[in-house]
Amino acid sequence: MEILSHAFVYLVAAVVAVPLAQRLGLGSVLGYLIAGVVIGPILGIVGNETADLQHFAEFGVVMMLFLVGLELRPAMLWSMRGQLIGLGGLQVTLTTAVIAAGCMAFGLSWQSGIAIGMVLALSSTAIVLQSLNEKGWLGTVGGKSAFSVLLTQDVAVIPMLALLPLLAVETLSPSGDDPTAHGAMLLDLVPDWAQPLVIIAAIATIIIGGRYLIRPMFRFIAHSRLREVFTAAALLLVIGIALFMTAIGLSPALGTFLAGVVLSDSEYRHELENDIEPFKGLLLGLFFLTVGAGIDFGLLFDQPIILIGLAFGVMIIKAGILFAIASIFGLRGADRLLFAVGLAQAGEFAFVLFGMASGMGVLPVDLIGKMTLVVALTMILTPAAFILYERVLAPRMVKTNSREADTIETPGSVVIAGLGRFGQIVTRLLATNGHDVVVLDHDPEVVENLSRVGFRAYYGDATRPDLLHTTGIEDARLFVAAIDNRDKLTALVEHVAKHYPKVRILARAHDRHHVYELEKAGAHCVQRETFDSALNLGRDALIELGLHPFRAERKKQAFRAHDFETLEKLRERWNEHGVDKGYIDTMRSQNETLFELMRDERDEKTHGDRHWTPPPCANPDP
Amino acid sequence: MARVLTLFAHPRQDRSEINWPMFEAAQTVEGVTCVDLYARYPSFEINIAREQSSLLDHDVIIFQHPLYWYSAPAIIKEWMDLVLEYDFAYGAEGTALSGKVMFNAVSCGTARSAYTVKGGHIAELRTLLMPFERTADLCNMRYLAPYATFSAGSLRAENRVKETVSQWHSFLTALTQDRIDLDAAANALTLTDHPDSFFIGENA
């Protein structure tokens, strides 16, 4: 029962603190930290078990890196390489160097200096991305530049994980006297010269296995159409890779990150993201809770000025370097300020890396306690920094900014749900016209075929709100609902109309009544799925029956126009009374006018088809 | 043997009194290719490559149509806009149609006398069809006077349909056999005022 009561305490803390922090604009990471502080140092409800819990919760970090990897499509990284290496690379190396130099000036060893520099060079992806997104700054030049720096930092974590053990000071060296950390791992069993080979082989195993083993496996599982089995397989994959890497003696985070990158251009990317996301969110939340619970508040009260001063110092150094880099890369005005102020804090990766560093003896434990506090302080100051930017700094830049605002690009993509016989045609028409199309379908075979010919097609049930969200529908210009199931389609349109009011919705309807239902649900444009093809076949039949092709085409057009008129006339009746007597009467009279319309005897001038009627025979000369 | 292409355009063939019988007659003449543009392209999606290669295969191009607002039905304009491309029909490299013959075979509701400077339409039919003539000039084609059927709405009442159709049949036959005096035809006001004057020699 102890487990349950602990779980209860942690969950209550999270459920209360995180939404509050969100509401105050502090972000969920700070929410978890504060909740941890409250149940740990302040109320003292939790205590000894936090260290054990933290080891468990660190698995959330492994999952996070898997998700980070999933987001990093190699093609995208390649297209952004200039920004990533230039802006991001400069930021990480310069900040590391400057902070390391500062640490050495305070009397720390160069190893500790570099370790602290690396850790503090990273910014908080969670807080910054969320803030930029909320304020709508992600599309500005400053926001985009910030995003590419964050991306670089995410990638930079991997070499940092590899570098940290090498920076260990001699007292706790990795030479083998710490049996718990390096016990029976493969890397320690092979001679030194073979170690690089083992590492390369492990990485190759993951990359090749990911391509030729894991993808077919997911394909097979997706065919079973059992969602929970897919989730289980996703978890199995992450845990399996973590165990594999641990057995070899490498970082499990590195392994899952690589697996994520390998799977990032697969059609199951969104589905995997959605399945892992809740586990990662909870475990990572737990991790931050334990970090908060482990914060030594005595330290803050002992040396408040030094610690707060350090926090400000870190932010000013980081902002200064960012500002300089931004100037080199041609950012001006408000963009440059947003870039510098926005990324000035340290990030959640710092807790992860500090946690590892203490385990390996890279940094002294008391220093890590202080640095953890400093990192948390910079994160707490970030919302204030954004407010400073928004209220004080940006308004002064209005003059220079007013022109740059033109460069804001909206993503302008199209999300298409349903890749059946209907959606495929829409998809091909839009994609071949150069539109950015994201398609979702729950038939693995269809998805595979389309992604093979180069479409961005993903496997998954479009009616799942979370999956829909990951397609970027929020910023899409159009949403095309083309799935087969009539009721699901209506529900889907209703959901999108309600939650993404900016998106134009185009929907496929089964019949006339479905048109009305979809319009009611919020669709902006509705087409009956078989209407036009049935008309075309009808026209072909008229031609086969001997009617001139052009006459047949005209009759088809007249029929179509009349049917749209009927659709208009019946809409109001249907909306108010459904199918009642009035509805049926209207339909009957419309049917009669249709007969009249189709009649085209020579002398019938009053009704029927009057197009291209010649003047009367006895036409006098003008 | 001149190869003749008749491009026929009538949006209401079910109501046609003279154009359709004339077009039917044309189909019986050896050496005449007959195309019903509205049947071939009921939704106006004209196949440019097909039409151009068909032009290359012929020496005489006839637009056969009723006169609508001093011009042809819409599909002929669409056809001209799309098929007579730069560097095909005109322009420095556009010599594909050079030397070919072109004219309109057109039916008019009102009488011959209305299509004169002093008549109701204040101009000769040939003058009114100037856009076609200028098009032919620009494509370096030889434009002939229009083959006009006047008072087309009363032909049936006056029992003159058969006679009109058979005249058209003989004219087309002579055209395929190079028995039409093209110089005279190019200089006339219409080809139907004095039909016999354009025939060279007697019927073979």
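This dialogue reads a sheet, two helix pairs and a cavity in a predicted model.

Biologist: Start with the sheet in chain A. What is the strand order, and is the pairing parallel or antiparallel?

Modeller: The general idea comes first. Strands of a sheet pair through backbone hydrogen bonds, either parallel or antiparallel. In chain A, six strands form an open sheet with parallel pairing, in the order 3-2-1-4-5-6.

Biologist: Which are the edge strands?

Modeller: Strand 3 (456–459) and strand 6 (525–528) of chain A, since each pairs on one side only. From one strand to the next, the twist averages 15 degrees.

Biologist: Take one pair. How many bridges join strand 4 to strand 5 of chain A?

Modeller: Four bridges. Strand 4 of chain A covers residues 478–481, strand 5 of chain A covers residues 504–509, and the two run parallel. For a landmark, find Ala481(A): Ala507(A) in strand 5 of chain A stands opposite.

Biologist: Now helix packing. What should I read off?

Modeller: Two packed helices are described by the angle between their axes and the distance between the axes. Try helix 9 (residues 141–163) and helix 18 (residues 333–342), both of chain A. They pack at an angle of about 30 degrees, and their axes are 7 Å apart. So helix 9 of chain A is roughly parallel to helix 18 of chain A. The crossing of these two helices is right-handed.

Biologist: And at what angle do helix 25 and helix 26 of chain A pack?

Modeller: About 25 degrees, with axes 8 Å apart. Helix 25 spans residues 486–499 and helix 26 spans residues 512–521 of chain A. That angle therefore makes helix 25 of chain A roughly parallel to helix 26 of chain A. Their crossing is right-handed.

Biologist: Last, empty space. How many cavities of 30 Å³ or more are there?

Modeller: Rolling a probe the size of a water molecule over the atoms shows where empty space is left. Here the count is one cavity of 30 Å³ or more. The largest cavity holds about 40 Å³ of space.

Biologist: Which residues line the largest cavity?

Modeller: Leu55(B), Ile61(B), Phe63(B), Trp79(B), Leu84(B), Leu97(B), Met102(B) and Met141(B). By class, that lining has eight nonpolar residues, no polar and no charged ones.

Key: Residues numbered from 1 in each chain as written. Chains lettered and ligands numbered in written order. Predicted model: local features only at pLDDT ≥ 70, side-chain atom pairs only at ≥ 80, totals over all residues. Heavy atoms only, no water. 1 Å grid on protein atoms, 1.4 Å probe; cavity = no way out; pocket = protein on both sides within 12 Å on 5 of 7 lines; lining within 4 Å. Points joined across faces, edges and corners; volume = space filled by probe spheres on them. Nonpolar A, V, L, I, M, F, W, Y, C, P; charged D, E, K, R; others polar. Pairing = 2+ DSSP bridges. Axes fitted to C-alpha atoms, helices over the stretch in contact; angles between N-to-C directions. Parallel < 35°, antiparallel > 145°, perpendicular 65-115°, else oblique. Left-handed = near helix turned anticlockwise from the far one by under 90°.
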